[in-house]
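User: Please take a close look at the nonpolar interior of this protein. I would like to know what it is built from, and how it sits in the rest of the chain.

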Amino acid sequence: TTGPSSLLVWGLFGIGSAASLALAFILSRQRGLPMWTLGLAVALLAIGAAVLVMTGRAEQARATGAQQGLVGRLLTWTNAALGGFLAIALWGVVAMSLATAGGAGSAGGGVRLAVLPFTNRGAADDGYFVDGVADQIRGTLSNIEGFQVIARSSSDQYRETTKTPAEIGRELNVEYLLSATVSWIRSGETGGRVQVVPELIDARTGAVKWQQPFDADLTDVFQVQADVARRVATALNIQLGAGGQQELTRRPTENLAAWDSYLKAKAAGGSGSGAGLVAERELLERAVALDSGFALALADLSRSYSTQYFTTPTPAMADGARRAAERSEALAPESPETFLALGSYHLNVLMDAEVP
């Protein structure tokens with residue numbers, strides 16, 4: 001037969017699945033996209049996996065010279081690849097249209113805000129920690145009703161930018177910008193004090209809406225991040241309901257060494273290199289060894305194993321992805337991160353259509 005090989009189609013399907021799930025998660029968390037779009041993405045991928053399985057059987061039958069019915073004649077690797085591309089493209093158009101329209105936010109649309117990359121005023125090696133503070137505040141704000149928070153992938157382009165607040169506001173279609181300077185005054189490996197000076201800017205006028213310095217022991221870093229999010233909500237007259245109050249008290253882990261290892265893992269994985277992915281997995285392993293109840297790290301560890309399974313499809317990789325996903329599910333069954341970990345394992349490792 002002509003057309004792409006089964007290995008190529010499955011490989012493209014795996015890459016497309018990971019990209020689609022990542023985009024769905026980002027848009028759901030950062031742009032206010034409803035969670036049903038994440039479910040739709042998983043459903044489309046599950047259907048796609050089933051179609052690929054049937055296509056493989058049809059191609060095997062075709063190779064033996066068996067007679068094919070109408071459906072069998074249509075099930076070719078070329079058609080499967082084309083259909084998968086069109087399905088993912090259609091979902092992307094729907095998702096981006098909803099995100100652009102802002103129709104997925106709160107009933108009033110919500111305040112549109114971008115958390116810009118924070119400036120590191122400490123040692124150069126502390127950049128990963130500063131990014132982690134920004135990510136935590138961004139994630140907290142995105143989970144508070146009344147906010148529509150722009151994804152990091154969009155706001156990261158303004159790292160060390162010379163553009164004015166008005167220019168950034170127009171380009172991102174936001175009303176407010178949150179920036180900050182962060183310093184980690186070290187005392188030992190994971191001790192010391194953290195200083196955060198956030199600044200909330202009205203992107204339409206360039207005026208500072210709110211600014212306040214925070215200086216606390218590093219053990220209170222999660223409290224500082226919650227206080228920043230709370231003060232931003234207060235400055236913008238956003239009332240915190242029960243869900244918002246609960247979000248402000250949520251702590252990913254109580255172990256600072258585990259949190260530090262997790263942030264280093266995120267930075268290593270962001271490089272996209274093979275060595276970076278290996279370092280990411282090892283750092284995540286260390287994080288969960290330090291705190292066995294660190295559900296966020298477990299979910300990311302599972303996805304790291306599932307991603308690397310494509311290039312190193314060993315039983316150890318498959319088992320690592322499964323065990324980490326199951327532990328994350330036991331600890332945080334309702335979290336989006338757990339859902340993504342399970343979906344990634346079923347699609348990338350098992351390659352089956354039974355996605356939870």
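Analyst: Of the 356 residues in the protein chain, 47% count as buried. The model is a predicted one, with 14 helices and 7 strands in the protein chain.

The main part of the interior is the largest nonpolar core, which has 59 residues. Within this core, the residues with the most contacts are Leu113, Phe129, Leu141, Phe147 and Val232. The element that gives the most to this core is helix α8 (residues 221–235), with 9 residues. Apart from this there is a second, separate core of 10 residues, with Leu116, Leu172, Val174 and Ile201 among them.

Leu141 shows how the largest core is put together. Leaving aside residues up to four places away in sequence, Leu141 touches Leu113, Val115, Phe147, Val149, Leu178, Ala229 and Val232. Leu113, Phe147 and Val232 in that list are also among the residues with the most contacts inside the core. For the chain as a whole, among contacts with a separation of 6 or more, 63% are between residues 24 or more positions apart.

Burial can also be followed at a polar residue, Ser306, which lies in helix α12 (residues 295–309). Ser306 counts as buried because its relative accessibility is 0%, and the cut-off for buried is under 20%. Its contacts, again without residues up to four places away in sequence, are Ala321, Ser344, Tyr345, Asn348 and Val349.

Ile201, named above in the second core, falls within the range of strand β5 (residues 192–202), which runs antiparallel to strand β6 (residues 208–211) and is joined to it by 3 bridges. Glu199 has Gln211 in β6 as its bridge partner. The hairpin of β5 and β6 has 5 residues between the strands, and Gly206 there takes a positive phi near 80 degrees.

As for the outside, the protein chain exposes about 16,700 Å², of which carbon and sulfur atoms supply 57%.

Finally, confidence. The mean pLDDT of the protein chain is 83, and 80% of the residues reach 70 or more. Among the elements, strand β2 (residues 119–120) has the highest mean pLDDT, 96, and helix α4 (residues 77–101) the lowest, 65. Over residues 101–108 the pLDDT is below 50, and this stretch has 10 contacts in the model beyond near neighbours in sequence. Where pLDDT is low, predicted coordinates should not be read in detail.

How values were computed. Residues are numbered from 1 along each chain as its sequence is written. This is a predicted model: local features need pLDDT of at least 70, side-chain atom pairs count only at pLDDT 80 or more; totals for chains, interfaces and linings use all residues. Side-chain values use heavy atoms; hydrogens and water are left out. Two strands pair if DSSP finds at least two bridges between them. Helices (H or I, at least four residues) and strands (E, at least two) are DSSP runs, numbered from the N terminus. A nonpolar core is a set of buried Ala, Val, Leu, Ile, Met, Phe, Trp, Tyr and Cys residues joined through side-chain atoms within 4.5 Å. Buried means under 20% relative accessible area, exposed over 50%, partly exposed in between (1.4 Å probe, protein chains only). Contact means heavy atoms within 4.5 Å. pLDDT is the predictor's confidence in each residue, from 0 to 100. Accessible areas come from the Shrake-Rupley method with a 1.4 Å probe; for residues, only the protein chains shown count as cover.
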